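This report covers a single chain, from its overall layout down to individual residues. Please keep the structure in view while reading.

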Amino acid sequence: MTIFPPDPDFEALRLELARLRAVRGWSYDELAARSGLARRTLIEIEQGRTIGTLKSWHALAHALNTPLDELFAALCNGHQPPSTPTGDGD
């Protein structure tokens, strides 16, 4: 039997990006300059028209000085995130 993981909450991820940008008082232009991403890319990610690449999210995490795992934690909103391996062969 195959057990599928729950769907990631991309809406929560994009809202977290918008929240982090807003609390810093940054415009799209400011975040674009700090992340090296195009302003249009940021708008499309925040408005849910694209998910973005892992490379994009990595750049955003660095620009926002937020650990990538904390940023991506929003993907697990509404369900239990994967557990940390214990090293016992699981």
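## Overall layout

Of the chain's 90 residues, 31% count as buried. The model is predicted. It holds five helices and zero strands. Along the sequence, the pattern reads α-α-α-α-α.

Taken along the principal axes, the C-alpha atoms fill a box of roughly 45 × 25 × 20 Å. Consider the contacts between residues at least 6 apart in sequence: 56% of them join residues at least 24 apart.

## The nonpolar core

The largest nonpolar core has 19 residues. Those touching the most other members are Leu17, Leu31, Leu42, Trp57, Leu60, Leu64 and Leu71. Helix 1 (10–23), helix 2, helix 3 and helix 4 each supply at least two residues of this core. Helix 4 gives the most, with five residues.

Leucine 42 deserves a look of its own. Beyond its neighbours within four places in sequence, leucine 42 is in contact with Tyr28, Leu31, Ala32, Leu37 and Leu60. Leu31 and Leu60 are, like Leu42, among the core residues that touch the most other members.

## Helix 2 against helix 3

Two packed helices are described by the angle between their axes and the distance between the axes. How do helix 2 and helix 3 score on these terms? The axes of helix 2 (residues 28–35) and helix 3 (residues 39–46) come within 8 Å and cross at roughly 115°. The two helices are therefore roughly perpendicular to each other, as angles from 65 to 115 degrees count as such. The crossing is right-handed.

On the helix 2 side, the contact is made by Tyr28, Asp29, Leu31 and Ala32. Helix 3 brings Arg39, Leu42, Ile43 and Glu46. By type, these residues divide into five nonpolar, no polar and three charged. Leu42 of helix 3 is in contact with Tyr28, Leu31 and Ala32, and those three are on the helix 2 side of the contact.

## The loop between helix 4 and helix 5

Two residues of this loop stand out for discussion. Threonine 66 lies between helix 4 (54–63) and helix 5 (68–72). Asparagine 65 is found in that loop too. Which of the two is buried, and which exposed? Threonine 66 has a relative accessible area of 13%, so it is buried, the cut-off being under 20%. Asparagine 65 is exposed because its relative accessible area is 69%, and exposed means over 50%.

Not counting neighbours within four places in sequence, threonine 66 is in contact with Leu20, Arg24, Ala61 and Leu71. Asparagine 65 has a backbone feature to note. Its phi is near 55°, a positive value in a residue other than glycine. Most residues other than glycine have a negative phi.

## Leucine 68 in helix 5

Leucine 68 is found in helix 5. At 26% relative accessibility, leucine 68 counts as partly exposed. That value falls between the limits of 20% for buried and 50% for exposed.

Which residues does leucine 68 touch, residues up to four places away in sequence not counted? The partners are Leu54, Trp57, His58 and Ala61. Histidine 58 is ten residues from leucine 68 in sequence. In space the two are 6.6 Å apart, C-alpha to C-alpha. Ala61 is also a contact of threonine 66.

Technical notes
Residues numbered from 1 in each chain as written. Predicted model: local features only at pLDDT ≥ 70, side-chain atom pairs only at ≥ 80, totals over all residues. Heavy atoms only, no water. Helix = DSSP H or I, 4+ residues; strand = E, 2+ residues; numbered from the N terminus. Buried < 20%, exposed > 50% of the residue type's maximum accessible area, 1.4 Å probe, protein only. Contact = heavy atoms within 4.5 Å. Axes fitted to C-alpha atoms, helices over the stretch in contact; angles between N-to-C directions. Parallel < 35°, antiparallel > 145°, perpendicular 65-115°, else oblique. Left-handed = near helix turned anticlockwise from the far one by under 90°. Nonpolar A, V, L, I, M, F, W, Y, C, P; charged D, E, K, R; others polar. Core = buried A, V, L, I, M, F, W, Y, C linked by side-chain atoms within 4.5 Å.
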